[in-house]
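The exercises below are to be worked with the sequence and the three-dimensional model at hand. Each task is followed by a solution in steps.

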Amino acid sequence: MDDKIQTDKNLRTMQVSEILHDEDWEDYDEEDLDRPYHHHVRKQWRPREHRLWVRIVKKLLIAVIVIGGLGAVFLYGFKLRSVYVTGNYTYSDEEILNFLHYNEYPKNTLYFAWKNKNGITDGVPFVESITVKMNSPSTIYVTVKEKMIIGCIDDSGIYMFFDNTGSVVESSTSKPEDVPLVTGLDLSGLKIGDQLDLSDKSIFKNLYELSVYLKNYEVTVEQIDYNEDQSMVLHKGTISVLLGMGTNLEDKISALKDLLPYLDGLSGTLHLEDYDSTKGQINFSKE
C-alpha cells in the first residue's frame, strides 16, 4: 500500500512540474521537497530558449554541410575540360567560341550549357544556328549549322551574299576567301531578303550546281565571271579556268582538282570549256 501511495505522489508531482513556468524554477525551494526523483527532473530541464538555439545551430550546420557539398560537386565535378566544335567552315573554332562568350564564363560545364541553352539563331553572319550540348560532366559539344552561301555580288563596296535558293541572306564589307564573287550579272540594289532577279533561270541553276561541285571536291575560287554569252570563267589565284556554258560541270571540276598541284606557281588560262573525260588532252595557255 505504501508503495502505491509513493507512486501516486510521484505521478502528481510530475504533473505539477510540467506546468511550472521557466521563472518558477528559480524560486522553487528544493529543501521543501522530499521526493528523491525531483533532482532527476531538474537535471532533465533546460531553458526553452537554449533548446531553440541548439536546434537552429544544428540546422544551420546541416545546411552549410549540404551547400558546401553541392558547391564542391558543382566546382569540381562539372569542371569544363573539353569543347568540340563541329559543322563550322566559314569560322574557326575560336571564332565560334567567341560568339558564345566562352572566355567570359567560368569553365564549368553546367554553367556554360545553361548560359547558352537557347544557342544562337541570329546575329552571326553566314550561320543559321549554334547549339550547345553537355555530353558529359566535363565535355561540351557545339554544333554549328551554316547557311549555304554559294556566292556574293559587289554592290558599291558592299558584298551581298546569297544562298542556294537565290535569296540574299547577308551583307558585309568584307568577303570570306571561300565565297566566290560573282560578276557579269546585272544585279544591283539588292537588300537582305530579296531574290536574285535573273531573266534566265538556267544561270542560277548552273551557278548552284557549280557551287555544289566546288564544295564536294574542296576547290575554292575567288571569282566566277559570266561572259555575255553566259559562259563561265573561274579565277583562282593567277589561274583562269574556262568552263564554257555550264555543261558537264562535275567532270570539269574533278579535272581541275587533279590539275591544281601541277599549276601551282604558274599563271595562265586552263581550257576546260570542251573537256571530255574520255580524252586525255587538256590545254593550258601559260602567260
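The conventions come first, and the exercises with their solutions follow.

This is a predicted model, in which local features need pLDDT of at least 70 and side-chain atom pairs count only at pLDDT 80 or more, while totals for chains, interfaces and linings use all residues. Residues are numbered from 1 along each chain as its sequence is written, and side-chain values use heavy atoms, with hydrogens and water left out.

**Exercise 1. Overall description**

Task: Determine how many helices and strands the protein chain has, and what percentage of its residues is buried.

Solution.
Step 1. Helices (H or I, at least four residues) and strands (E, at least two) are taken as DSSP runs, numbered from the N terminus. The chain then has eight helices and twelve strands.
Step 2. A residue is buried under 20% relative accessible area, exposed over 50%, and partly exposed in between (1.4 Å probe, protein chains only). Of the 287 residues in the protein chain, 33% are buried.
Step 3. Accessible areas follow the Shrake-Rupley method with a 1.4 Å probe; for residues, only the protein chains shown count as cover. The chain exposes about 18,600 Å², of which carbon and sulfur atoms supply 52%.
Step 4. Contact means heavy atoms within 4.5 Å. Among contacts between residues at least 6 apart in sequence, 48% join residues at least 24 apart.

**Exercise 2. The nonpolar interior**

Task: Identify which residues touch the most other members of the largest nonpolar core.

Solution.
Step 1. A nonpolar core is a set of buried Ala, Val, Leu, Ile, Met, Phe, Trp, Tyr and Cys residues joined through side-chain atoms within 4.5 Å.
Step 2. The largest such core has 33 residues, and Leu210 and Leu234 touch the most other members. At least two residues of this core come from each of strands S4 (149–155), S5, S8 (223–226), S9 (232–236) and S10 (239–244), and from each of helices H7 (201–216) and H8 (249–263).
Step 3. Setting aside residues up to four places away in sequence, leucine 210 touches Ile224, Met232, Leu234, Leu243, Leu249 and Ile253.
Step 4. Another core, of 26 residues, lies apart from it and has Ile96, Val124, Ile130 and Val169 among its members.

**Exercise 3. Salt bridges**

Task: State how many salt bridges the rule gives, and characterise three of the pairs.

Solution.
Step 1. A salt bridge requires a side-chain nitrogen of Lys or Arg within 4 Å of a carboxyl oxygen of Asp or Glu. The count by this rule is four.
Step 2. Glutamate 170 pairs with lysine 147, with the closest N and O atoms 2.7 Å apart. This pair links distant parts of the chain, 23 residues apart: glutamate 170 is in strand S6, and lysine 147 is in the loop between strand S3 (139–146) and S4. Glutamate 170 counts as buried because its relative accessibility is 13%, whereas lysine 147, at 25%, counts as partly exposed.
Step 3. Lysine 191 and aspartate 194 meet at 3.8 Å, N to O. Lysine 191 is exposed at 54%, and aspartate 194 is partly exposed at 24%.
Step 4. Glutamate 209 and lysine 205 meet at 2.8 Å, N to O. They are separated by about one helical turn because they are four residues apart in helix H7.

**Exercise 4. A charged residue without a partner**

Task: Find which side chain of opposite charge is nearest to aspartate 163, and at what distance.

Solution.
Step 1. Aspartate 163 lies in strand S5, which covers residues 158–163.
Step 2. Lys and Arg count as positive and Asp and Glu as negative; His and the chain ends are not counted. The nearest side chain of opposite charge is lysine 147, 7.7 Å away, and aspartate 163 is buried without a salt bridge.
Step 3. Beyond residues up to four places away in sequence, aspartate 163 touches Met148, Ile149, Ile150, Val169 and Phe204.

**Exercise 5. Two polar residues**

Task: Decide whether asparagine 116 is buried or exposed, then locate serine 171.

Solution.
Step 1. Asparagine 116 is in the loop between helix H6 (109–115) and strand S2 (127–136). Its relative accessible area is 6%, so asparagine 116 is buried.
Step 2. Serine 171 belongs to strand S6 (residues 168–172) and is partly exposed at 33% relative accessibility.
Step 3. Tyrosine 159 is twelve residues from serine 171 in sequence and 5.5 Å from it in space, C-alpha to C-alpha.
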